[in-house]
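Trainee: Please give me a close look at just one part, the metal site, and tell me how it connects to the rest of the fold.

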Amino acid sequence: MKCNMKNFFLTLALGCLISLSAQAEVEHYFSTIKQDPNALYAFLKEMPKGGELHYHLAGGAYPEVMLNIAATQPYCLHDANYSVSSDKNCSAAILATNDALYERYLQAWSLKNFIATNEESAEDHFFATFYKFMPVVAEHEAELLADVLKRADSQHEQYMEILVTPDNVQSASFANLLKDKKTNAEKLEVLKKNQAFNDNIQRTIINGRNIIEQAHTLLGCDKNPQAEGCNVTVRFQYYILRQLAPDAVFAMAVNAFSVAQASPDFVGINLVQQEDVSAALKPYKRQMQMLDFLHQQYPAVHLSLHAGELSPTAVSPADLRFHIHDAVTVAHAERIGHGVDIAYEDNAEALVKMMAQKKIAVEVNLTSNDWLVNVKGAAHPLHYYLEHQVPVVLSTDDEGILRTDLTREYVRAVMEQHLDYQQLKTITRNAITYSFLPPDEKERLQQQLDKQLKLFEAAYADR
Ligand SMILES: [Zn+2]
């Protein structure tokens with residue numbers, strides 16, 4: 001219940017007074033620790049956080065977990081580039097006994113101890129990690145999800161919207177059916193009539209359900225629903241790889257829309273991969289038009305797009321002018337991932353006003369933006385969005401590779417972006433408000449979050 005003047009005089013007047021004073025106490029405490037990253041971490045870890053709306057399972061899993069899995073399974077190690085491949089005749093058990101080798105793989109699969117060179121930037125190193133560990137992700141999604149959910153629970157998160165492709169990108173292979181077809185409508189028709197493609201849609205849905213069920217089994221949720229990780233509600237977004245050939249992108253997109261329309265586990269779809277290379281820059285406008293076409297066919301499917309993960313040092317001025325605009329106005333994105341280059345877009349003021357008015361939330365990833373696009377501190381547009389009342393959420397993007405977690409993103413938002421406690425509370429609530437959950441579930445989680453925030457503040461006020 002909100003403590004406004006109308007309900008203040010109602011029967012819960014006493015409750016309002018108590019919660020107002022608890023909030024004031026917490027705000028005072030927050031003001032005393034806002035320059036202390038350690039005190040802030042301890043405080044913010046306990047703070048209920050709505051959750052994460054921008055989270056890649058492959059990059060969110062900590063490499064330590066993947067290496068421990070690899071060491072007990074039949075994988076071949078390729079020390080030349082630190083990749084692995086699945087092969088029943090191989091063993092990676094040496095990872096469990098050779099600490100130096102383990103460390104080299106760990107550094108190759110993450111940004112641990114990374115120092116940029118002329119040959120390899122942090123962005124290069126980051127995007128190369130996926131090719132090294134993907135065979136482990138493809139075969140062990142449930143184990144990785146279980147670990148991710150435990151970590152989220154330990155930080156008092158309610159909800160996670162996680163990016164996956166449970167068909168292991170098989171949908172892209174249907175591009176060969178589309179070679180001779182000219183229009184989007186013809187391509188869609190071919191895919192809709194193809195039994196193998198429809199089977200792939202069903203396989204994606206079933207695999208997605210299995211990943212969640214198996215993760216819950218690993219966490220022991222059946223026997224103990226309060227076990228760590230079990231309280232975090234999880235849903236998926238099916239992602240499309242933007243650097244693939246046009247027909248492969250189209251086939252993945254149709255799979256994405258179909259899955260999200262049919263399965264309650266998939267609440268939305270997304271477009272991912274490095275945005276500042278020509279393989280992503282050249283087809284950008286065409287991809288937005290393709291998403292517009294598919295949106296007309298599947299209007300109920302929610303769409304979030306990685307857009308504007310660009311900086312003026314990485315791309316030409318021409319490429320900075322329209323990505324976020326087109327994502328919102330052409331492709332019908334309801335949320336934007338990153339949105340770093342907003343100020344460089346044409347008519348940026350009008351664009352942010354429109355985003356505020358349409359309530360297009362921006363998924364802000366501070367650590368990721370620092371490492372991958374070299375934007376941080378005052379140069380980061382977080383305040384630009386906040387000042388224009390564009391809703392924002394904080395997320396980790398790829399916490400395992402980037403060596404972060406959601407609490408550290410909150411700490412960074414305070415230390416580096418100078419956000420206050422009320423702004424953090426709003427961000428926490430935004431993670432539920434701007435999720436793609438259906439309204440009834442959103443309402444349930446929002447009430448749960450508000451209750452937990454009150455308990456959290458009351459507990460701090462009692463200290
Ligand atoms: Zn991302």
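Mentor: Let's settle one word before we look: a donor is an N, O or S atom within 2.8 Å of the metal (3.2 Å for Na, K and Ca), and with water not among the atoms, sites may look incomplete. Keep in mind that this is a predicted model, where local features need pLDDT of at least 70 and side-chain atom pairs count only at pLDDT 80 or more, while totals for chains, interfaces and linings use all residues. Residues are numbered from 1 along each chain as its sequence is written, and side-chain values use heavy atoms, leaving out hydrogens and water.

Now the site. His54, His56 and His306 each offer NE2 to the zinc ion, and Asp397 adds an OD atom, at 2.1 to 2.2 Å. The angles among those four donor atoms run from 84 to 170 degrees, and the site counts as irregular. (Four donors are tetrahedral with all angles between 85 and 135 degrees; four are square planar and six octahedral with opposite donors over 155 degrees apart and all others between 65 and 115; anything else is irregular.) Along the sequence, the donor residues follow the spacing H-x1-H-x249-H-x90-D. His54 sits in strand E1 and His306 in strand E7 (residues 304-307), so this pair ties together parts 252 residues apart in sequence. Strands here are DSSP runs (E, at least two residues), numbered from the N terminus. His54 and His306 are both buried, meaning under 20% relative accessible area with a 1.4 Å probe, protein chains only.

Follow His54 outward and you're in an open sheet of four parallel-paired strands, ordered E1-E4-E5-E6. E1 (49-56) and E6 (266-272) are its edges with a single partner strand each, so one side of each has no neighbour in the sheet. Pairing takes at least two DSSP bridges between two strands. E1 runs parallel to E4 (residues 157-164), with five bridges joining them; Gly51 has Tyr159 of E4 opposite.

Follow His306 instead and you reach another open sheet of four strands, again with parallel pairing, in the order E7-E8-E9-E10. E7 and E10 (392-394) are the edge strands there, each pairing on one side only. At the E10 end, three bridges hold that strand to E9 (residues 361-364), and the two run parallel. Val362 has Val392 in E10 as its bridge partner.

So hold on to this picture: His54 in E1 and His306 in E7 tie together parts that lie 252 residues apart in sequence, and both coordinate the zinc ion through NE2.

Definitions and conventions:
Buried < 20%, exposed > 50% of the residue type's maximum accessible area, 1.4 Å probe, protein only.
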